[in-house]
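Visitor: I am new to this structure. Please take me through its charged side chains and their surroundings, one step at a time.

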Amino acid sequence: QVQLVESGGGLVQVGGSLRLSCAASGLAFSRVGMGWFRQAPGKEREFVAAITGSGILTDYGISVKGRFSISRDNAKNTVYLQMNSLKPEDTAVYYCATTYYGRRTAGDYWGQGTQVTVSS
C-alpha cells in the first residue's frame with residue numbers, strides 16, 4: 001500500500017521560509033518521479049515542482065522558479081520542498097504526489113496535504 005505523508009507546513013510571514021517534507025512508503029521510491037502541487041481556495045490545483053527518481057533533473061512552475069527548490073533523499077524515501085521568499089499568493093494546501101517527470105501532472109498517488117499560510 002502506497003503512502004505519502006507530508007509535513008512541515010505552517011504559518012510564516014512574507015519573505016520567510018519553510019521546508020516541506022514528504023515521506024513515502026510502499027513503492028520503489030528511487031524509480032519514481034515525485035512532484036509538489038498546491039491548491040488555494042477557489043483555485044485549480046497548480047504544479048509547483050517535480051524531480052526525477054534519480055534526483056538529477058528538476059522542474060518548476062513559473063510562479064515559484066528561483067524561490068523554491070525540490071530535492072530528495074532516496075535513502076530516506078523522502079522528497080523535500082524548500083520554499084524561500086514566500087509571498088501571500090503562496091498560501092495553499094501543498095500536496096506531494098508521484099508524477100511522470102515532464103508532464104507536470106500528478107500520477108496515481110497523493111498525500112493528504114499540508115497547509116501553508118503566508119501572512120502579510
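Guide: What follows is a walk from the paired charges to an unpaired one, and then out to the loops.

The model is a predicted one. Keep that in mind throughout.

Start with a count. The whole structure holds four salt bridges. In general, side chains of opposite charge can pair when their charged atoms come close.

Take Arg38 and Glu46. They form a salt bridge, with their closest N and O atoms 2.8 Å apart. How covered is each partner? Arg38 is buried, because its relative accessible area is 5% and the limit for buried is under 20%. Glu46 is partly exposed, at 30% relative accessibility.

Now go to Asp90 and Arg67. Their closest N and O atoms are 2.7 Å apart, and the pair forms a salt bridge. Asp90 lies in the loop between strand E8 (78-83) and E9, while Arg67 lies in the loop between E6 and E7, so the pair ties together parts that are 23 residues apart in sequence. Asp90 is buried, with a relative accessibility of 0%. Arg67 counts as buried too, at 11%.

These two pairs belong in one picture. Arg38, Glu46, Arg67 and Asp90 are linked in a network of salt bridges.

Next comes Asp59 with Arg104. This salt bridge has its closest N and O atoms 2.8 Å apart. Asp59 sits in strand E6 (residues 58-60) and Arg104 in the loop between E9 and E10, so the pair ties together parts that are 45 residues apart in sequence. Asp59 is buried, with a relative accessible area of 15%. Arg104 is partly exposed, at 41%.

Stay with Arg104 for its backbone. Its phi is near 60 degrees, a positive value in a residue other than glycine. Most residues other than glycine have a negative phi. Asn77 also has a positive phi, of about 50 degrees, although it is not a glycine. Asn77 lies in the loop between E7 and E8. It is partly exposed, with a relative accessible area of 26%.

Now for a charge without a partner. Arg72 is found in strand E7 (residues 68-73). What is the nearest side chain of opposite charge to Arg72, and how far away is it? It is Asp73, 8.3 Å away. A salt bridge needs the nitrogen and the carboxyl oxygen within 4 Å. Arg72 is buried yet has no salt bridge.

What does the side chain of Arg72 reach instead? One target is the backbone oxygen of Thr52, at 2.9 Å. Another is the side chain of Asn74, in a polar contact of 2.8 Å. Arg72 also has many residues around it. Not counting residues up to four places away in sequence, it touches a list that includes Phe29, Ser30, Val32, Met34, Ile51 and Thr52. Thr78, Val79 and Tyr80 are also among the residues that Arg72 touches.

Those last three lead to Ser21. Leaving aside neighbours within four places in sequence, Ser21 is in contact with Thr78, Val79 and Tyr80 as well as Val5, Glu6, Ser7 and Trp36. Ser21 is placed in strand E3 (residues 18-25). It is buried, with a relative accessible area of 17%.

Move on from Val79 to Arg103. The two are 24 residues apart in sequence and 18 Å apart in space, C-alpha to C-alpha. Arg103 lies in the loop between E9 and E10. Arg103 is exposed, because its relative accessibility is 57% and exposed means over 50%.

Tyr101 is placed in the loop between strand E9 (92-99) and strand E10 (106-110). Tyr101 is partly exposed, with a relative accessible area of 32%. Together with Ile56 and Leu57, Tyr101 makes a nonpolar surface patch of about 310 Å².

One last stop is Ala28. It is found in the loop between E3 and strand E4 (34-39). At 44% relative accessibility, Ala28 is partly exposed. Ala28 and Cys96 are 68 residues apart along the chain, and their C-alpha atoms are separated by 16 Å.

To recap, look again at two spots. Arg38, Glu46, Arg67 and Asp90 share a network of salt bridges. Arg72 is buried and has no salt bridge.

How values were computed: Residues are numbered from 1 along each chain as its sequence is written. This is a predicted model: local features need pLDDT of at least 70, side-chain atom pairs count only at pLDDT 80 or more; totals for chains, interfaces and linings use all residues. Side-chain values use heavy atoms; hydrogens and water are left out. Patches are made of residues with over 30% relative accessible area and no salt bridge: like charges are joined within 9 Å, nonpolar side chains (Val, Leu, Ile, Met, Phe, Trp, Tyr) within 5 Å. Accessible areas come from the Shrake-Rupley method with a 1.4 Å probe; for residues, only the protein chains shown count as cover. Helices (H or I, at least four residues) and strands (E, at least two) are DSSP runs, numbered from the N terminus. Buried means under 20% relative accessible area, exposed over 50%, partly exposed in between (1.4 Å probe, protein chains only). Lys and Arg count as positive and Asp and Glu as negative; His and the chain ends are not counted. A polar contact is a pair of N or O atoms within 3.5 Å; within protein, one must be able to donate a hydrogen and the other to accept it, and residues adjacent in sequence count only if both atoms are side-chain atoms. Contact means heavy atoms within 4.5 Å.
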